[in-house]
Amino acid sequence: MTQNPPDLRPDLARPAIPDLPSRAGQPRIGMVSLGCPKALVDAERILTRLRAEGYAISSDYQGAEAVIVNTCGFLDSAKAESLDAIGEALTENGRVIVTGCLGAEPDYVTGAHPSVLAVTGPHQYEQVLDAVHKTVPPAPDPFVDLLPPTGVKLTPRHYSYLKISEGCNHKCRFCIIPDMRGRLVSRPAHAVLREAERLVAAGVKELLVISQDTSAYGLDLKHGETQGHRAHITDLARDLGSVGAWVRLHYVYPYPHVRDLVPLMAEGLVLPYLDIPFQHAHPETLKRMARPAAAAKTLDEIAAWRAICPEITLRSTFIVGYPGETEEEFQTLLDWLDEAQLDRVGCFRYENVAGARSNALPHHVPEDVKENRWQLFMEKAQAISEAKLAAKVGSRTEVIVDSVDSEGATCRTKADAPEIDGNLFIDDGFEGLAPGDIVTVKIEEASEYDLWGSPISS
């Protein structure tokens, strides 16, 4: 078992592609999936459609007749990693179809790799399938090619990402996601709920609600009601709280109506966990970022959330070294973090991204200054995390089991999202546990980011 690294980059995570059973003569397609959980959901949808059309899924290059590379384009470093992944697939297999966020810049992709077979943008499922059909014609057998009820999943079967919308209406200067994924397009609430019910019926124990801006869900639909369900994040969260699974909310902007979600957490309908991308604390930095919540009194909001639900866990991400960030502005961020006492914190060093408006801002911060500020920020965040986790020693909590091996069980509390937060390890008394089990443990030990505990007999 390994401890969760403090600077894990979810935009660089590579999920394992399952090597599903196949029949003789069945065409096989491989996939490399990079990027955030939203891109992971896109990959799952593509693989599910391919399976439904009679394709087998290959977990390696050599067993595939073509490979789809699902790319990330959020940062220049992520673009570089995507180009590397495309190059690796071309070297190992030779027949490569590119999709995902970087696919929104086809000339950029083909300029580096002119031999790719096709380039499609994010959530362009039909175009991906067309490219696969052209390269490797399908050969379905309706009597043999059966799909599991959940489709093809790239996460463990006990948790699943639930995407509620595409795109974003914000124009943050450092971000090009709206240019790649378009404006906000929300799914009807009844369709989201139907998918959630289907996942839970198939054994999913935790639903991770994702979008580019979860707080804005339904705004494009004017929060209309269809089939008895209103397209508003508060109503949707309440509906999801009835399906019988843990419900975790990600990418929630700190709008005033977020306060309406917190009572649902206090009632136990959704997990007491908010993933809110504050990005910075100094008003001038936020203004240069063109952040939608630049004027929000976030410390007052945090105090209000904790008053309603004292056990709430707050996760956020920040950018240090943004163009024009002064020592005073950075110190304001450190002071704000001291006061906010956030539970889970991630931090990026600012990077220029081709097409981002922030590139043209004056007074870019030198790389060595960015690195020093990142180190100082993470040291403070780590100290806060260590103190908060130490205070949990001796308490009891529910955990969900993610994996079990010969050394013990790796679990997560309600305060921990998969891949980006910490773990709780069980070293003794784990023999009867299995992935997806939800058990009560007594916390016995803590480190900077992880916990250790023992199961409590019922």
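Buried here means under 20% relative accessible area. With that in hand, here's a quick tour of this predicted model. It has a closed barrel of five strands, an open sheet of five strands, and 21 salt bridges turned up by a search of the whole structure. Disulfides come to zero.

**Helix α6**

- Helix α6 covers residues 189–201, so to speak a 13-residue run by the DSSP assignment, and its first and last C-alpha atoms sit 18 Å apart, close to the 18 Å expected at 1.5 Å a residue.
- The buried residues in α6 are Ala189, His190, Ala191, Val192, Leu193, Glu195, Ala196, Leu199 and Val200.
- Their cover includes the strands β6 (159–163), β9 (206–210), β10 (225–226) and β11 (229–230), along with helix α7 (233–240).
- After α6 comes Gly203, with a positive phi near 110°.

**The open sheet and its helices**

- Strand order in the open sheet is β2-β1-β3-β4-β5, and the pairing is parallel.
- At the edges you'll find β2 (56–58) and β5 (118–119), each pairing on one side only.
- Strand β4 (residues 96–100) runs parallel to β5 and is joined to β5 by two bridges; across that pair, Ile97 stands opposite Ala118.
- Helix α4 (residues 125–135) packs on this sheet and touches β1, β3, β4 and β5, with its direction at about 175° to that of β4.
- Helix α2 (residues 76–92) lies across β1 (28–33), β3 (66–71) and β4, and runs at about 175° to β3.

**The barrel**

- Going round the closed barrel, the order is β16-β17-β18-β20-β19, and the pairing is mixed.
- Neighbouring strands there are turned by 50° against each other on average, ignoring direction.
- Strands β19 (residues 438–446) and β20 (residues 451–455) pair in the antiparallel sense over five bridges, and Ile443 stands opposite Gly453 in β20.

**Salt bridges**

- Arg412 and Glu206 form a salt bridge, with their closest N and O atoms 2.6 Å apart.
- Arg412 belongs to strand β17 (residues 409–413) and Glu206 to strand β9, so this pair ties together parts that are 206 residues apart in sequence. Both Arg412 and Glu206 are buried.
- Arg315 and Asp421 also meet through their side chains in a salt bridge, at 2.7 Å from N to O.
- That one links distant parts of the chain too: Arg315 is in strand β14 (residues 313–320), while Asp421 is in the loop between β17 and β18 (424–426), 106 residues away.
- Arg315 counts as buried because its relative accessibility is 8%, and Asp421 counts as buried because its value is 3%.
- Lys370 and Glu367 make a local salt bridge within helix α12 (residues 367–390), with the closest N and O atoms 2.9 Å apart.
- These two are three residues apart in α12, so about one helical turn separates Lys370 from Glu367.
- Lys370 is buried at 6% relative accessible area, whereas Glu367 counts as exposed at 57% relative accessibility.
- Asp42, Arg45, Lys163 and Glu166 are joined into one network by salt bridges that share partners.

**Cysteines**

- With zero disulfides in the structure, two cysteines are still worth a look for their burial: Cys309 is buried at a relative accessible area of 0%, and Cys347 is buried at 12%.

Technical notes
Residues are numbered from 1 along each chain as its sequence is written. This is a predicted model: local features need pLDDT of at least 70, side-chain atom pairs count only at pLDDT 80 or more; totals for chains, interfaces and linings use all residues. Side-chain values use heavy atoms; hydrogens and water are left out. Two strands pair if DSSP finds at least two bridges between them. Helices (H or I, at least four residues) and strands (E, at least two) are DSSP runs, numbered from the N terminus. Axes are lines fitted to C-alpha atoms, for helices over the stretch in contact, and angles run from 0 to 180 degrees between N-to-C directions. A disulfide is a pair of cysteine sulfur atoms within 2.5 Å. Buried means under 20% relative accessible area, exposed over 50%, partly exposed in between (1.4 Å probe, protein chains only). The expected span of a helix is 1.5 Å times one less than its number of residues. Contact means heavy atoms within 4.5 Å. A salt bridge is a side-chain nitrogen of Lys or Arg within 4 Å of a carboxyl oxygen of Asp or Glu.
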